[in-house]
Amino acid sequence: MPPRTAVPTLPSTTLPAVSVVASSAAIRADAVVIGTVREGDRVALAPGAEPVDDLLGGRLLDALRALGATGRPDEVLRVPTLGLADVPLVVATGLGGSGLGGSGLGAAASDPSTAAEAARRATGAAFRLLAASSGGAKRVHVAIDAPAGALAEGALLGGYAFTAFKSAPAARPLRTVTIASGDTRAAKADARRAAVVARAVTLVRDLVNTPANELYPESFAAHATALAGGQGLTVEVLDEKALRRGRYGGILGVGMGSARPPRLVRIEYRPARARAHLALVGKGITFDSGGLNLKSPPGMLTMKDDMGGAAAVVAAVLAIAELKLPVSVTATAPMAENMPSGTAYRPSDVLRMYDGSTVEVKNTDAEGRIVLADALTRAGEDDPDFLIEASTLTGAQVTALGPRLIGAMGTDTWRDEVVRAAGTAGEGIWAMPLPDDLRAALDSSVADIANVSGESWGGMLLAGRFLGEYVPDGVPWVHLDIAGPAFNTSGPRDYTPKGATGAGVRTMISAAERLARGGNS
């Protein structure tokens with residue numbers, strides 16, 4: 001065992017301040033963001049750009065057309081004002097088809113969630129370009145007639161960059177963002193909410209992007225404890241000794257091969273007159289080598305992201321508390337490192353779980369469901385009304401749904417409610433079935449259940465069915481498989497950077513807001 005060293009302070013990104021102003025007529029900024037749309041085969045200015053066009057003598061559209069603007073999503077063009085206005089730069093960002101609804105999401109242009117997501121993506125693309133520009137802008141104004149919350153989220157998330165481990169990181173000069181809105185009272189409330197949500201997403205991105213030599217069970221637990229303690233929330237951390245006393249055989253079994261011992265973190269938010277009790281459970285494998293069923297080198301490269309579910313539930317409970325929602329929340333995050341060594345658990349081992357059941361380990365690379373089984377059982381002891389579990393669980397999720405859609409499985413009515421919440425939040429999600437007849441594929445000849453089947457099909461659904469064995473009877477629950485969406489290995493797009501995305505946290509916050517409004521379907 002290596003000597004114990006000080007737990008590192010983990011990276012924390014600071015976001016710019018966002019405020020709402022009544023008009024774009026008297027702009028004082030380093031850059032102003034306007035929208036463009038497609039009208040037939042030509043580009044047009046989106047509503048909200050009129051004051052900016054007036055400042056430029058009505059010549060803005062001609063300039064954009066000369067630059068070849070199309071108004072398509074993720075198109076961002078810069079137009080210098082050449083001294084014609086106090087703002088030196090106009091940034092035009094594409095919103096898609098005619099109106100704010102043409103985002104390519106397959107919904108009608110009149111759908112508010114679709115319109116909000118189009119604005120969120122377009123603003124994110126503009127701020128991504130501004131953040132990457134040399135020199136940069138300290139003050140940016142947004143002149144797009146769209147929901148202030150969506151614009152604020154897009155701006156804050158689009159400007160994100162993870163530079164904590166760069167020796168000489170590029171300067172990030174952006175300090176303030178202003179958004180024009182006629183209904184400033186409601187818009188200010190929406191912008192404040194958006195700032196809370198963006199901080200939660202940014203926290204997840206920072207944690208997932210942090211390399212595993214810095215973020216491991218002990219440091220992750222310490223960071224979560226500090227954050228929750230700073231908000232006055234109740235925190236419980238079980239170290240390896242407490243886990244042994246509690247007989248958490250799944251978490252201990254997975255963590256056996258690592259010199260970094262496992263942890264179980266629980267954070268509680270208990271408001272007065274809560275309308276429901278929501279349990280959040282998230283997988284926290286701080287690095288997944290595959291264990292003795294070792295992954296290939298390419299497959300291991302992004303496995304620092306295998307704690308994305310735990311990061312999401314920690315960030316979600318913090319945000320829900322900051323928003324003061326009348327919903328009790330308990331976040332449970334099992335944290336372990338899955339490593340090969342002389343002490344690692346083996347294929348064919350049988351683990352005795354926290355609930356007393358036994359699991360035959362047929363593949364040590366299916367470790368997430370094992371630690372989650374213990375966590376789900378513990379979460380059920382709090383008698384929650386609803387449960388959401390999130391995890392980077394299966395490669396089969398990516399095969400089935402690709403890298404951008406979350407797979408949702410569980411109790412049909414609650415699953416569908418969470419899917420609706422995700423749509424409101426702007427996260428791509430797809431409802432999947434969880435047939436009872438899948439259970440037979442997980443039968444074991446030596447234990448109560450096996451952690452994988454011998455079949456090559458339906459891996460995402462089989463993993464969900466395994467988790468369902470550890471959810472208490474009668475509790476509506478949903479499993480969110482975020483394996484693909486949690487980490488973007490392609491180039492950046494809209495408000496989505498390369499690397500960690502923060503998948504799942506906006507959906508959890510939105511689901512809690514629906515419960516706060518009395519939704520309990």
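**Figure 1. Threonine 36 and its neighbours.** In this predicted model, threonine 36 touches a whole crowd: Val43, Ala44, Ala46, Leu64, Gly71, Glu75, Ala92, Thr93, Gly94, Leu95 and Gly96, leaving aside residues up to four places away in sequence. Its home is strand β2, which covers residues 31-39. Is threonine 36 buried or exposed? With a relative accessible area of 2%, threonine 36 counts as buried, because the cut-off for that word is under 20%.

**Figure 2. Strand β6 with β2 and β7.** Let's stay with β2 and look at who sits beside it. β2 and β6 run in the parallel sense and share four bridges. One pair to look for is isoleucine 34, whose bridge partner in β6 is alanine 143. β6 also pairs with strand β7 (residues 176-180), again in the parallel sense and over four bridges. Here, valine 142 stands opposite isoleucine 179 of β7. How many of the five residues of β6 (residues 139-143) are buried? Four of them are, so the strand is mostly covered. As a bit of background, strands of a sheet pair through backbone hydrogen bonds, and the pairing can be parallel or antiparallel.

**Figure 3. Helix α4, tucked away.** Helix α4 takes in residues 148-158, and eleven of its eleven residues are buried, so this helix is largely enclosed by the rest of the structure. The buried residues are Ala148, Gly149, Ala150, Leu151, Ala152, Glu153, Gly154, Ala155, Leu156, Leu157 and Gly158. So what does the covering? The list includes strands β1 (17-21), β6 and β7, along with helices α3 (112-132), α5 and α15.

**Figure 4. Alanine 198 of helix α5.** Now zoom in on a single residue of α5, alanine 198. Alanine 198 is buried, and its relative accessible area is 0%. Which residues does alanine 198 touch, not counting those up to four places away in sequence? They are Leu15, Leu156 and Leu157. Two of these names, Leu156 and Leu157, also appear among the buried residues of α4. Another member of α4 to find is Gly154. Going from C-alpha to C-alpha, alanine 198 and glycine 154 are 8.7 Å apart in space, with their positions 44 residues apart in sequence.

**Figure 5. Helix α5 against helix α10.** α5 (residues 184-209) and α10 (residues 308-322) have axes that come within 9 Å and cross at roughly 155°. That angle makes the two helices roughly antiparallel, because the cut-off for this label is over 145 degrees. The crossing of α5 and α10 is right-handed. From α5, the contact uses Val196, Arg199, Ala200, Leu203, Val204, Leu207 and Val208, while α10 brings Gly308, Ala311, Ala312, Ala315, Leu318, Ala319 and Glu322. Sorted by class, that gives eleven nonpolar residues, one polar and two charged. When you look at the spacing of these names, keep in mind that an α-helix has 3.6 residues a turn, so residues three or four places apart point the same way.

**Figure 6. Helix α10 against helix α15.** α10 has another partner to show you: α15 (residues 505-516), packed at an angle of about 40° with the axes 9 Å apart. The two helices are therefore oblique to each other, and their crossing is right-handed. On the α10 side you'll find Ala312, Val313, Ala315, Ala316, Ala319 and Ile320; on the α15 side, Val505, Met508, Ile509 and Ala512. What classes of residue make up this contact? Ten are nonpolar, with no polar and no charged residues.

**Figure 7. The open sheet β13-β14-β18.** Three strands line up in that order here, and their pairing is mixed. β13 (350-352) and β18 (449-450) stand at the edges with a single partner strand each, so one side of each has no neighbour in the sheet. β13 pairs with β14 (residues 358-360) in the antiparallel sense, over three bridges. To spot one of these, find arginine 352 and its bridge partner in β14, threonine 358.

**Figure 8. Two loop residues with positive phi.** Leucine 82 isn't a glycine, yet its phi is positive, about 55°. Look for leucine 82 in the loop between β4 (76-80) and β5 (89-94), where it is exposed, with a relative accessible area of 76%. Aspartate 383, also a residue other than glycine, has a positive phi near 55°. Its spot is the loop between α11 (368-380) and β15 (386-391). Aspartate 383 is exposed too, with a relative accessible area of 62%.

How values were computed. Residues are numbered from 1 along each chain as its sequence is written. This is a predicted model: local features need pLDDT of at least 70, side-chain atom pairs count only at pLDDT 80 or more; totals for chains, interfaces and linings use all residues. Side-chain values use heavy atoms; hydrogens and water are left out. Two strands pair if DSSP finds at least two bridges between them. Axes are lines fitted to C-alpha atoms, for helices over the stretch in contact, and angles run from 0 to 180 degrees between N-to-C directions. Angles under 35 degrees count as roughly parallel, over 145 as roughly antiparallel, 65 to 115 as roughly perpendicular and the rest as oblique. A crossing is left-handed if the near helix is turned anticlockwise from the far one by less than a right angle, and right-handed if clockwise. Contact means heavy atoms within 4.5 Å. Ala, Val, Leu, Ile, Met, Phe, Trp, Tyr, Cys and Pro count as nonpolar, Asp, Glu, Lys and Arg as charged, and the others, Gly among them, as polar. Buried means under 20% relative accessible area, exposed over 50%, partly exposed in between (1.4 Å probe, protein chains only).
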